[in-house]
Amino acid sequence: NSIAHLDKLKGDYELINQNYQKIHAHKLEIHNLSSDYDKFLREEEHCYELREQYQKIEEKYKKVAGDINLTRKENINEQTVIYVLSESFSDPSRIDDVKVSSNPIPKIQEIKKRTTSGLMKSDGYGGGTANMEFQTLTGLPMYNLSPSISILYTQVAPVMNYFPSISNSFNSNNRIVIHIASPSNYSRNIIYGNLDFAKFIHYGNKGKEGYNIGGNYSDESTYQLVLKNMNKDSQFFSVMTMQNHTPWNEPNPIDMNASYPGFSDNANKQLSAYIRMLYHTDNATQDFLEKLSKIDKKITVVFYGDHLPGLYPESAFKNNPEGQYQTDYFIWSNFETPKLDYPLVNSSDFSAMVFEQTNSKVSPYYALLTEVLKKASVDKKALEGEAKEIAEDLKMVEYDLISGKGYLSKDFFEVPSAKKK
């Protein structure tokens with residue numbers, strides 16, 4: 001009987017223990033559900049707050065756009081815009097101790113005197129082309145992103161909720177990209193395909209026309225491809241030249257030479273070849289603009305160097321460290337436009353500048369970029385007050401496009417009259 005009694009007690013204990021475990025598990029489940037619900041509520045509250053913040057940003061810059069557009073009479077999609085990223089273009093006269101037998105770029109220097117022009121802050125030295133290209137198209141500055149990001153086209157573009165390219169303002173049939181290299185470099189074929197560019201002229205389909213300077217397709221040949229694809233419609237061209245890319249081995253003009261103190265004979269030969277290549281860029285660019293000036297439609301060209309060539313030693317920038325990351329730019333139009341005063345800009349500023357120079361109406365997004373250009377860009381130091389708020393607004397927009405939930409509406413990016421195309 002004692003044994004039976006013990007077995008019964010043991011059985012009762014196990015049953016009680018099982019029930020306890022069930023009750024404990026049930027309580028834990030309730031606790032977890034409660035915690036998940038609390039977390040859900042917190043996330044919902046955060047999302048609601050974010051949505052409200054973005055609504056305020058939209059309303060704010062819708063008003064700014066309205067004020068700007070009171071004096072803007074033109075529409076960008078009724079014009080032709082050509083972005084020319086000139087590979088490794090930079091005025092060598094700004095580099096300490098570089099000696100040149102004759103000025104290789106007198107024509108571009110004259111063009112800069114007559115047009116909106118200055119220096120562009122580059123995010124790379126001797127490389128980083130695609131990052132400048134991304135910023136010019138989108139207006140989104142790299143300086144707002146994590147330093148761990150090195151290639152915007154492959155690390156950022158694929159995860160974006162929306163790609164706010166200036167090309168979106170133009171009919172997709174009239175969007176053309178020209179880059180005489182492999183189309184798959186930095187996933188350009190995917191990027192421009194997603195942006196609905198009708199034509200991508202690259203190394204594989206350029207045809208037999210054109211010639212090389214140094215080891216790459218010449219600037220003159222690239223410009224000829226632009227002219228060949230020009231029609232009577234409004235168009236957008238994204239052009240990246242290759243001429244001044246390595247290798248630097250151009251022999252002509254043979255009497256043009258350059259040197260840098262302490263360089264080996266081979267290094268001075270490369271420097272001389274690079275200077276000669278700039279000479280060819282100078283002539284080709286002047287000729288290109290002369291031909292564009294005779295075309296009967298409104299055309300604006302944004303010309304900029306993407307980065308300095310990786311030729312110069314660190315010592316060349318000891319007196320001006322920032323000079324290692326500053327290239328030249330100009331914005332030229334074949335019709336009468338004001339000469340704007342922006343001595344130092346970021347590559348992401350160009351589209352706002354194009355809208356201003358051409359007196360074109362802006363979307364709320366380009367109104368924000370216009371405010372950044374004027375009050376919070378790279379030429380400004382220690383932002384405070386309104387300027388700091390504008391910079392924070394741009395960060396918020398950039399976050400929503402890249403890492404956020406896409407709260408910003410399509411209307412925020414819609415340029416006036418673009419929808420008519």
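Begin the tour of this predicted model by selecting Ser-187, which sits in the loop between strand S4 (175–179) and helix H5 (188–194). Although Ser-187 is not a glycine, its phi is positive, at about 60°. With a relative accessibility of 23%, Ser-187 counts as partly exposed, because that class begins where the buried class, under 20%, ends.

Next, select Asp-97, in the loop between strand S1 (80–86) and strand S2 (99–100). Here too the backbone shows a positive phi in a residue other than glycine, with a value near 75°. Asp-97 has a relative accessibility of 46% and therefore counts as partly exposed. As background for these stops and for the one that follows, most residues other than glycine have a negative phi, and most peptide bonds are trans.

Move now to the loop between strand S8 (236–240) and strand S9 (258–259), where Pro-247 is found. Display the backbone from Thr-246 to Pro-247, and the peptide bond that links them is cis, with omega near 5°. Pro-253 also has its place in the loop between S8 and S9, and the bond to inspect there is the cis peptide bond joining Asn-252 and Pro-253, for which omega is about -5°.

From the loops, turn to a pair of helices by selecting H6 (residues 219–228) together with H7 (residues 265–292), which pack with their axes 9 Å apart and at an angle of about 15°. Because angles under 35 degrees count as roughly parallel, H6 is described as roughly parallel to H7. The crossing in which H6 passes H7 is right-handed. To see the contact itself, show the side chains of Asp-219, Glu-220, Tyr-223, Gln-224, Val-226 and Leu-227 on H6, and those of Thr-281, Ala-284, Thr-285, Phe-288, Lys-291 and Leu-292 on H7. Colouring the residues of this contact between H6 and H7 by character gives six nonpolar, three polar and three charged.

The last stop is helix H9 (residues 364–375), whose twelve residues reach 16 Å from the first C-alpha to the last, close to the 16 Å expected at 1.5 Å a residue. Ten of the twelve residues of H9 are buried, so the helix is largely enclosed by the rest of the structure. To view the buried residues of H9, select Pro-364, Tyr-365, Tyr-366, Ala-367, Leu-368, Leu-369, Thr-370, Glu-371, Val-372 and Leu-373; Glu-371 and Thr-370 are among them, alongside residues such as Leu-368 and Val-372.

Notes: Residues numbered from 1 in each chain as written. Predicted model: local features only at pLDDT ≥ 70, side-chain atom pairs only at ≥ 80, totals over all residues. Heavy atoms only, no water. Helix = DSSP H or I, 4+ residues; strand = E, 2+ residues; numbered from the N terminus. Expected span 1.5 Å × (residues − 1). Buried < 20%, exposed > 50% of the residue type's maximum accessible area, 1.4 Å probe, protein only. Axes fitted to C-alpha atoms, helices over the stretch in contact; angles between N-to-C directions. Parallel < 35°, antiparallel > 145°, perpendicular 65-115°, else oblique. Left-handed = near helix turned anticlockwise from the far one by under 90°. Contact = heavy atoms within 4.5 Å. Nonpolar A, V, L, I, M, F, W, Y, C, P; charged D, E, K, R; others polar.
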